[in-house]
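Reader: I would like a close look at a single part of this model, namely its nonpolar core and the strands that go with my question. Could you take me through that part step by step, in connected prose?

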Amino acid sequence: MLLPTETVYGLGADAANPAAVAAIFEAKGRPRFNPLIAHVHDAETAARIAVFDDRARALAAAFWPGPLTIVAPIRDVAAVCDLARAGLDTVAIRVPGHPLSRAVLAAFGGPVVAPSANRSGRPSPTTFADAFAETGDKAAAAALDGGPCAVGLESTVVAVLDGPVRLLRPGAVTRAQLEAVVGPLAPADGDAKRSPGRLALHYAPDAPVRIEATAPREGEAFLAFGPWPTGEGVFNLSPSGDLAEAAAKLFAYLRAADRTRPVGIAVASIPDEGLGEAINDRLRRAAGFVG
Ligand code: TXA
Ligand code: MG
C-alpha cells in the first residue's frame with residue numbers, strides 16, 4: 001500500500017510476510033541486499049522486535065513518533081522477515097508521526113516495512129501524486145492520500161550497536177539534536193556495510209544535477225535558495241533561506257524541474273548546518289557524488 005508518513009511516502013507491506021515483502025522489492029526494482037525500515041506504532045512494540053539499550057531507549061523517547069530510524073540487533077526474527085532485513089542480524093525501526101500511518105500501524109498491530117515509494121534510485125515522493133506516479137500501479141490495492149509530507153526528507157538513520165552511536169544517513173533529525181541525547185556520533189564512513197542502501201546512486205531525476213551553482217546556465221532549470229528573481233525554470237526552495245522549508249520542497253521541486261525537460265538542473269549552495277547536512281547529502285547523491 002502507499003503509506004504517507006511525515007518524511008516521504010512509503011510503499012508498505014506486512015514485515016512478517018516474505019511474499020508481500022518480495023513484492024515491494026519487485027515494485028521498486030530495489031536490490032535485495034538493501035534492507036527495509038520496519039514501521040511500528042510505538043516504542044514498546046519496537047523494543048519487542050529489536051534489542052534496545054539505554055541509548056536506543058533515550059533516542060526513542062526523545063524523537064518518536066518522528067523522523068528517526070534506529071538500527072539495533074534483531075530480537076524477533078519472525079516479526080521482520082529475513083528478506084526485509086536483507087539477511088542482516090540487525091533491524092531498522094521507526095515510529096512515524098503522520099496520523100494516517102499511525103492509524104494504519106495501530107490497526108494492524110505488527111511492523112510494516114515501507115521503503116520510500118519511488119522506484120529505486122529516483123527521488124523520494126513527497127506528494128500523493130508523485131508517489132502514485134512512481135509505484136501506484138503496483139500498490140493500488142490501497143493508496144492513502146495524506147497530503148504533502150511536512151518534513152520532505154527521509155528519516156535520519158542511526159545504528160545503536162557496539163561502540164558510539166553511528167550516523168548512517170543524515171536526515172530530518174539533525175546531528176546536533178542527536179548529540180544532545182547520546183553525545184558525539186561516529187560517522188558512517190568506512191562502515192558502508194552497516195547501511196547497504198548508501199552505496200547506490202540515489203535520488204536522481206532524469207536531468208543531470210549540478211550542485212553549488214551560483215546561477216543557471218543556458219537551458220538549465222534552477223533550484224534557488226534565498227532571494228532570487230522569479231522566472232521560467234526557477235524553483236525557489238526557500239526565498240527566505242529557511243532550511244526546513246527547503247527540505248520540505250526539495251524532492252517535489254527536483255521532480256517539477258525535471259518535468260520542464262531542461263538540459264540540466266542547477267541547484268544553489270545550501271548551508272551545511274542543521275537540516276542542511278541532510279539536504280546536501282541528498283543533493284550530492286542526486287548529482288552522482290556518493291559520500
Ligand atoms: O523516512 C523514511 O525513512 C522513509 C519513510 C517511508 O519511512 N523510508 C525510507 O526507506 O527512506 P528506504 O528504504 O528508502 O531507506 C531505508 C534506509 C536505507 O538506506 C537502508 O539501507 C537502511 O535504511 N537500512 C535499513 N535496514 C538497515 C539495517 N539493518 N542496517 C543498516 N541500514 C539499514
Ligand atoms: Mg529510499
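Author: What follows describes the core and then one strand with its partners. The model is a predicted one, and its largest nonpolar core has 87 residues. Those with the most contacts inside this core are A38, I70, I93, V113, V158, A247 and I279. Helix α7, which spans residues 243–259, supplies the largest share of the core, namely 10 residues. Because domain 1 (2–198) and domain 2 (209–286) both give residues to this core, the core lies between them. As a general background, nonpolar side chains in soluble globular proteins tend to be buried together.

A247 offers a view of the surroundings at one position: leaving aside its neighbours within four places in sequence, A247 is in contact with V151, G152, L153, A172, L275, A278 and I279.

V158, also listed among the residues with the most contacts inside the core, belongs to strand β8 (residues 156–159), from which T156 and V158 point one way while V157 and A159 point the other way, and all of these are buried. Strand β8 pairs with strand β5 (residues 68–73) in the parallel sense over four bridges, and in that pairing T69 stands opposite V157. With strand β9 (residues 166–169), β8 pairs in the antiparallel sense over three bridges, and there R169 is the bridge partner of V157. The hairpin of β8 and β9 has six residues between the strands, and in this hairpin G163 takes a positive phi near 80 degrees.

Technical notes
Residues are numbered from 1 along each chain as its sequence is written. Chains are lettered from A and ligands numbered from 1 in the order in which they are written. This is a predicted model: local features need pLDDT of at least 70, side-chain atom pairs count only at pLDDT 80 or more; totals for chains, interfaces and linings use all residues. A nonpolar core is a set of buried Ala, Val, Leu, Ile, Met, Phe, Trp, Tyr and Cys residues joined through C-beta atoms within 7 Å. A residue is buried if 20 or more other C-beta atoms lie within 10 Å of its own, exposed if 12 or fewer, and partly exposed in between; C-beta atoms are placed from the backbone. Helices (H or I, at least four residues) and strands (E, at least two) are DSSP runs, numbered from the N terminus. Domain bounds come from an automatic or database domain assignment. Two residues are in contact if their C-beta atoms, placed from the backbone, lie within 7 Å. Two strands pair if DSSP finds at least two bridges between them.
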